[in-house]
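These are my notebook entries on one chain, set down in the order in which I looked things up.

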Amino acid sequence: MVERLSEVKGGSFSEPFDVSFSSDEIGVFGGPSRGVLWLRPESGGRIEALHADIVKALNLPNLPQRPFVPHLTISHFESRDEAEKARNEIIAAGDEAFPRLTFTCDRLAMLQRNGASGQFFCNQEFLLGGGGANSGEGGGGPWEMPYHYPGMPKEEFDWLPRVRGDLNARRRRNKHKKGK
């Protein structure tokens, strides 16, 4: 996979691009027992183009029944109604409470997770603009792979596995109820 992505040239890999987030593009999905609050990035179609180029480079099926929806998860809630309530509060607060955030996307990160409950690590970075696979943080010296993102705890907090287990158990119960 790394080799295929490292060989991609041109297209959406050709140059960095700006991405913005704002409360204008805040969404919710979920149901009675789970809600997710998320932000849709504004990139002038560059994220979607990058996704299409990755699918093509890796020869992955592009499944039309589940279209690609770029998003940044903000928070999980007990229900969709709770997530909708939070969304409405953010919208009502306006730009002063949630100002537009814009940054330049100059790399693609391949993440790794050890098991369904582990932390994410960066396994590889690909620089946009013809740099290929990155072998050094910010283009500098080499680092050990995989690595934690700066500021991320090296170990999970003790309470995280318990909370994650409770959430997964609730999801299994609800899925079982729907199946009856």
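I began with Lys-85 and asked whether this residue is buried, partly exposed or exposed. In this predicted model, I found a relative accessible area of 48% for Lys-85, and because the partly exposed class runs from 20% to 50%, I entered the residue as partly exposed.

I then looked up where Lys-85 sits, and noted that its place is in helix α3. For a distance across the sequence I took Val-28, which lies 57 residues from Lys-85 along the chain, and I read a separation of 9.9 Å between their C-alpha atoms.

Next I turned to the interior and asked which residues have the most contacts inside the largest nonpolar core. That core has 20 residues, and the two I wrote down are Phe-17 and Leu-50. The elements that give two or more residues to this core include helix α3 (80-97), along with α2 (46-57) and the strands β1 (17-21), β2 (26-31), β3 (34-39) and β6 (107-113). I followed Phe-17 further, leaving aside its neighbours within four places in sequence, and listed its contacts as Ser-43, Arg-46, Ile-47, Leu-50, Phe-103, Thr-104, Cys-105 and Leu-128.

Last, I recorded values for the whole chain. I counted 4 helices and 8 strands, which follow the pattern α-β-β-β-α-β-α-β-β-β-β-α along the sequence. Of the 180 residues, 29% are buried, and the chain exposes about 11,800 Å², with carbon and sulfur atoms supplying 54% of that area. Among contacts with a separation of 6 or more, I noted that 63% come from residues 24 or more positions apart.

Notes: Residues numbered from 1 in each chain as written. Predicted model: local features only at pLDDT ≥ 70, side-chain atom pairs only at ≥ 80, totals over all residues. Heavy atoms only, no water. Core = buried A, V, L, I, M, F, W, Y, C linked by side-chain atoms within 4.5 Å. Buried < 20%, exposed > 50% of the residue type's maximum accessible area, 1.4 Å probe, protein only. Contact = heavy atoms within 4.5 Å. Areas by Shrake-Rupley, 256 points an atom, 1.4 Å probe, with all protein chains shown as cover.
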